[in-house]
Amino acid sequence: MLTIQKNIPLLPLNTFGMAVNAPFLSVIRTVADCAHIKAHIPNHLPILPLGGGSNILFTQDPQAWVLKNEIRGIHLLKEDDGSVWLEVGAGEVWNDFVQYCVQHDYAGVENLSLIPGTVGAAPIQNIGAYGVEVKQLIDTVTFWDFNKETLVTLDNAACLFGYRNSIFKHELKGQFLMTHVVFKLSKTPNFNISYGNIQEELDRMGITTLSLKAVSAAVVHIRESKLPNPKEIGNAGSFFKNPEVPHTIYQSLKDDYPTIPGYTISEQVTKIPAAWLIEQCGWKGFREGDFGVHQKQPLVLVNYAQAKGSDIFHLSTRIIASVQERFGISLEREVQIV
Ligand code: FAD
Ligand code: EPU
């Protein structure tokens with residue numbers, strides 16, 4: 001049943017742990033709910049879809065009608081000798097879906113284990129980790145378009161996926177609610193364990209025969225050792241994107257800072273870890289009152305207890321300014337700011 005709740009605390013609904021209130025909130029469980037809710041939303045009030053609240057920083061009460069996505073279900077749409085196509089409700093918890101695939105021997109998503117949030121948010125910033133991006137696994141996405149008042153399905157190419165980017169952060173922002181994602185997964189694993197220390201972790205675990213379960217467990221262990229658990233310390237994962245710069249700029253930085261890491265993206269472009277730039281500027285482990293920069297991963301800004309969203313936002317502005325001043329690189333925020 002579609003309900004309208006007023007003045008709802010969002011504290012339990014965002015991993016940064018910001019104590020803000022939504023003026024209106026409705027839980028969306030079906031596509032029909034999307035169609036029905038429109039009549040209740042005043043024209044001047046934008047919608048704010050919310051999944052797990054793990055990539056959002058509230059600096060104030062949202063002046064929006066919050067649509068909490070709880071559209072569920074995992075359905076096998078079709079299969080052939082090599083692949084399965086799964087249609088997944090956007091409100092499914094991402095890591096539950098990953099574990100479902102691992103259990104059923106559907107390969108592709110295992111490196112994306114333990115990323116917080118929902119399936120519906122995954123395409124929005126094209127989630128990625130340990131050498132895999134979700135765009136490699138998406139067949140189509142379906143969303144309710146609140147302007148056109150209809151369901152729209154886009155194929156992978158139309159989503160304009162990029163590094164932590166897609167059409168949903170631009171042209172379609174603010175006018176849609178993702179309802180379903182269709183994933184094409186493989187029946188035969190193609191293990192990707194070259195990133196970072198996955199192999200080292202598998203060795204430590206004593207794994208000699210690779211399996212989806214083992215790779216997933218290795219990724220989970222690595223993540224647990226590096227990233228703060230939002231249940232213990234408020235955060236939204238990487239606060240900034242890793243900057244992509246022209247190769248010539250990277251080379252000249254390397255002349256001044258010989259240890260600067262960089263990953264070649266194309267002949268012209270190099271990606272520099274923002275964590276390194278932030279650490280060099282002295283921010284790693286910084287703490288002021290209840291807000292700070294994580295001790296193990298400086299890309300993650302944290303709320304130790306009762307920091308305000310504006311504290312975290314201003315900290316991010318100071319970090320951007322110091323990286324700009326020292327390296328001439330503009331860091332871009334990855335987290336959605338409200
Ligand atoms: P929310 O925070 O609820 O929403 C994020 C944005 O998407 C908002 O703008 C919201 O309006 C919009 N949105 C959400 N659902 C819908 C919908 N159904 N329809 C339309 N718009 C919607 N990300 C990575 O890519 N890789 C990582 O390794 C990673 N590690 C993380 C580790 C930690 C500890 C944390 C806290 C976060 C991490 N993240 C990572 C970020 C985050 O998990 C992802 O961005 C995730 O996809 C967010 O999902 P969510 O459901 O919580 O989205
Ligand atoms: N580094 C430092 N100091 C540190 C930590 C890291 O200098 O304290 C440097 C090192 O050079 C290291 C490099 O940063 O090799 C990369 O670190 P890491 O492998 O931890 O990854 P990241 O680039 O910091 C990205 C994603 C993460 C994702 C990991 C693993 C972005 C913005 N972040 O982090 O995604 O989990 O790779 O693939 O691309 C997220 O988006 O929220 C997120 C956590």
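Which residues come nearest to ligand 2? Tyr-130, Tyr-163, Glu-279, Lys-284 and Glu-334 do, in this predicted model. The legends below start there.

**View 1. The shell around ligand 2.**
Ligand 2 has 24 residues around it. By class, 12 of these residues are nonpolar, 4 are polar and 8 are charged. Helix 4 (212–226), strand 13 and helix 6 (274–280) each supply at least two residues of this shell. Helix 6 gives the largest share, 3 residues. On its own, ligand 2 exposes 830 Å². The protein buries 81% of that area.

**View 2. Polar atoms beside ligand 2.**
Three residues are shown here with oxygen atoms of the ligand. A polar backbone atom of Tyr-130 is 2.8 Å from an oxygen atom of ligand 2. Asn-242 uses its side chain: an N or O atom there is 2.9 Å from an oxygen atom of ligand 2. Lys-296 uses its backbone, where an N or O atom lies 3.4 Å from an oxygen atom of ligand 2.

**View 3. Tyr-130 and its partner ring, Tyr-195.**
Tyr-130 is among the residues that come nearest to ligand 2. Tyr-130 is placed in the loop between strand 8 and strand 9. Its phi is positive, about 50°, although Tyr-130 is not a glycine. Most residues other than glycine have a negative phi. Tyr-130 also takes part in a ring pair. The ring centres of Tyr-130 and Tyr-195 are 5.2 Å apart. Their planes stand at 80°, so the pair is edge-to-face. Tyr-195 is in the loop between strand 12 and helix 3 (198–204). The pair links distant parts of the chain, with the two positions 65 residues apart. Are the two tyrosines buried or exposed? Tyr-130 counts as buried because its relative accessibility is 9%, under the 20% limit. Tyr-195 has 44% relative accessibility and counts as partly exposed.

**View 4. The shell around ligand 1.**
How many residues surround ligand 1? There are 32, and the closest are Pro-49, Ser-54, Thr-118, Gln-125 and Arg-223. The shell has 16 nonpolar, 14 polar and 2 charged residues. Strand 3 (47–50), strand 8, strand 12 and strand 13 (234–238) each supply at least two of its residues.

**View 5. Polar atoms beside ligand 1.**
Gln-125 and Arg-223 are both among the closest residues to ligand 1. A polar side-chain atom of Gln-125 lies 2.7 Å from an oxygen atom of ligand 1. A polar side-chain atom of Arg-223 lies 2.7 Å from a nitrogen atom of ligand 1. Asn-55 brings its backbone: an N or O atom there lies 2.8 Å from an oxygen atom of ligand 1. Taken alone, ligand 1 has 980 Å² of accessible area. The protein covers 93% of this area.

**View 6. Asn-126, a loop residue with positive phi.**
Asn-126 is found in the loop between helix 2 and strand 8. Its phi is near 50°, a positive value in a residue other than glycine. Is Asn-126 buried or exposed? At 0% relative accessibility, Asn-126 counts as buried.

**View 7. Phe-97 and Phe-183, a tilted pair.**
The structure holds 14 aromatic pairs. A pair of aromatic rings is described by the distance of the centres and the angle of the planes. For Phe-97 and Phe-183 the centres are 4.7 Å apart. The planes meet at 35°, so this pair is tilted. Which parts of the chain does the pair link? Phe-97 is in helix 2 (residues 94–103), and Phe-183 is in strand 12 (residues 176–186). These are distant parts of the chain, with the two residues 86 residues apart. Phe-97 and Phe-183 are buried.

**View 8. A phenylalanine cluster.**
Which residues do ring pairs link into a cluster? They are Phe-16, Phe-239 and Phe-240.

**View 9. Charged ends over tyrosine rings.**
Two charged side chains are shown, each with a ring. The charged end of Lys-271 sits over the ring of Tyr-163, 3.4 Å from the ring centre. Tyr-163 is also one of the residues nearest to ligand 2. The charged end of Arg-287 sits over the ring of Tyr-304, 3.9 Å from the ring centre.

Notes:
Residues numbered from 1 in each chain as written. Chains lettered and ligands numbered in written order. Predicted model: local features only at pLDDT ≥ 70, side-chain atom pairs only at ≥ 80, totals over all residues. Heavy atoms only, no water. Phe/Tyr/Trp six-rings, centres within 6.5 Å; stacked < 30°, edge-to-face > 60°. Helix = DSSP H or I, 4+ residues; strand = E, 2+ residues; numbered from the N terminus. Buried < 20%, exposed > 50% of the residue type's maximum accessible area, 1.4 Å probe, protein only. Lys NZ or Arg CZ within 6 Å of the ring centre and 35° of its normal. Near = heavy atom within 4 Å. Polar contact = N/O pair within 3.5 Å; in protein donor to acceptor, adjacent residues only side chain to side chain. Areas by Shrake-Rupley, 256 points an atom, 1.4 Å probe, with all protein chains shown as cover. Nonpolar A, V, L, I, M, F, W, Y, C, P; charged D, E, K, R; others polar.
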